Amino acid sequence: MAEASDPEDLTVCSICLQTFTKPKYLPCLHTFCELCLQQWIESQVKSERRHYQQKTVFMCPVCRAETRPPTNATVNNKAEWANMFPNNHIIITLIDKSMIEKEKKACDVCNEMDKEMPATEWCVQCSEAYCGECSKVHRAMKASRKHRLVSLCDVLRDLKSLSPAEMCNDHPEEVIKLFCVDHDHPCCTLCGATSHRKCDNVLELSEAAKDFKNKQEFSDLLGNLNKSEKEIGKTSGMIQENLSKLDREKEDIERSANELADSLIAHMNVIRSRFLQEVSGVHARAVSELNTAAEKCSLQKGTIKNLRQVLEKSRDHSADTELFLQVKRTERKFKDSKVFIETKMS
Ligand SMILES: [Zn+2]
Ligand SMILES: [Zn+2]
Ligand SMILES: [Zn+2]
Ligand SMILES: [Zn+2]
Ligand SMILES: [Zn+2]
Ligand SMILES: [Zn+2]
């Protein structure tokens, strides 16, 4: 019977994303399939294995509200907690109505026995649909002999017969029939005769509910819910706006930090290349000076070598006077060269 559909659909479980099976609601009024809820509770209490035995709370899967099991549940039977939460009759009715409209409503009794049979009739007292066979049995059984069975077509014509009786929280066997105005609390006749015996204003439920759609209390509540939904929407819009503003501011700061660093780096690069240029200029000048000096040295060396060679030849082959004059010429020339070398070496 379950089929995946729109998550905004009120008849879809937010855990399994399928049409609800046995919808149960928590004190925060969030609704889940009984099985989904049970698995959720078990996974929640198991995540803290050390305290499994003492654990008495779990979190609502949607709003994270701390939730305690119903008062009649014991700490140890966690597997049954889900079953003890109240049925969400409004959701059950919505699903039943839509199934009947689509002519897809199956017999609830056969369903329990894992058989799929199209339902034809509806028991107003039991709020269950039956196939032809099961309707016959229901009519024949002593406990349900007086129940009113209507055909599913008639149910659609008069939707009131779909709404089941709700049971008292304190007396699960008793139908809620009264409403205590003093305590603002719906209750069963047993409660009426005990806890609310001394209350001044206890009404029949049908009387309290009569024409409630048009009462101020109803329109006020609906109006307040609408208003608060809009206000929360506005707040969440503002939060989103602040978030994106924060992002933009971060981007601006990053951009200007990058720009500043880039311009500092560019400036440093200019200084570096100017300095390197200067260094290479100085270097080139020094190199060229030394090259010139080396050239002059080599010329001077040639000159001196020539003086020595001429003097040696003259010693071996010339007359004394000629040698003498050559020595005098060489001495003068050599003196000039020595001056040159001394200035160069200093
Ligand atoms: Zn579910
Ligand atoms: Zn919740
Ligand atoms: Zn059946
Ligand atoms: Zn019945
Ligand atoms: Zn009661
Ligand atoms: Zn009361």
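Hi everyone, let me start with one residue: His-30 has a relative accessibility of 26%, so it counts as partly exposed. Keep in mind throughout that this is a predicted model.

Why begin there? His-30 gives its ND1 atom to the zinc ion (ligand 2), alongside the SG atoms of Cys-28, Cys-60 and Cys-63, with distances of 2.0 to 2.4 Å. For those of you who set up metal sites, here is the geometry: the four donor atoms subtend angles of 106 to 111 degrees around the zinc ion (ligand 2), which makes the arrangement tetrahedral. Along the chain, the donors of this zinc ion (ligand 2) are spaced as C-x1-H-x29-C-x2-C. Two of them tie distant parts of the chain together: His-30 sits in the loop between S1 and S2, while Cys-60 sits in the loop between strand S3 (58-59) and strand S4 (66-67), 30 residues apart. And is Cys-60 buried or exposed? Cys-60 is buried, because its relative accessible area is 1%.

On to the other zinc ion on my list, ligand 3. Which protein atoms hold the zinc ion (ligand 3)? They are the SG atoms of Cys-107, Cys-110, Cys-131 and Cys-134, lying 2.2 to 2.3 Å from the ion. This site is tetrahedral too, with angles of 101 to 116 degrees among its four donor atoms. The spacing for ligand 3 reads C-x2-C-x20-C-x2-C. Here the linked pair is Cys-110, in helix H4 (residues 108-112), and Cys-134, in helix H5 (residues 132-140), with their positions 24 residues apart in the numbering. Both partners are tucked away by the numbers: Cys-110 has 2% relative accessibility and so counts as buried, and Cys-134, at 14%, counts as buried as well.

While we're on cysteines, how many disulfides does a search of the whole structure find? Zero. Two further cysteines, for the record: Cys-191 is buried, given its relative accessible area of 2%, whereas Cys-297, at 38% relative accessibility, counts as partly exposed.

Now for helix H3, residues 89-101. A quick sanity check that I enjoy: at 1.5 Å a residue, its 13 residues should span 18 Å, and the end C-alpha atoms are indeed 18 Å apart, so the two agree. At the start of H3, a side-chain oxygen of Asn-88 comes to within 3.2 Å of the backbone nitrogen of Ile-90. The buried residues in H3 are His-89, Ile-91, Thr-93, Ile-95, Asp-96, Met-99 and Ile-100. What covers them? Among the covering elements are strand S1 (23-25), strand S2 (31-33), strand S5 (121-123) and helix H6 (152-157).

Just past the end of H3 comes a backbone detail: Glu-103 takes a positive phi of about 55 degrees. As background, most residues other than glycine have a negative phi. Two more residues deserve a look on that score. Asp-114 is not a glycine, yet has a positive phi of about 60 degrees; you'll find Asp-114 in the loop between H4 and S5. With a relative accessible area of 74%, Asp-114 is exposed. Ser-127 likewise has a positive phi, about 55 degrees, without being a glycine. Ser-127 lies in the loop between S5 and strand S6 (128-130), but this one is buried, because its relative accessible area is 15%.

That's my tour. Thanks for listening, and I'm happy to take questions!

How values were computed: Residues numbered from 1 in each chain as written. Chains lettered and ligands numbered in written order. Predicted model: local features only at pLDDT ≥ 70, side-chain atom pairs only at ≥ 80, totals over all residues. Heavy atoms only, no water. Helix = DSSP H or I, 4+ residues; strand = E, 2+ residues; numbered from the N terminus. Expected span 1.5 Å × (residues − 1). Buried < 20%, exposed > 50% of the residue type's maximum accessible area, 1.4 Å probe, protein only. Contact = heavy atoms within 4.5 Å. Polar contact = N/O pair within 3.5 Å; in protein donor to acceptor, adjacent residues only side chain to side chain. Donors = N, O, S within 2.8 Å, 3.2 Å for Na, K, Ca; no water. Tetrahedral: all angles 85-135°; square planar, octahedral: opposite > 155°, others 65-115°. Disulfide = S-S within 2.5 Å.
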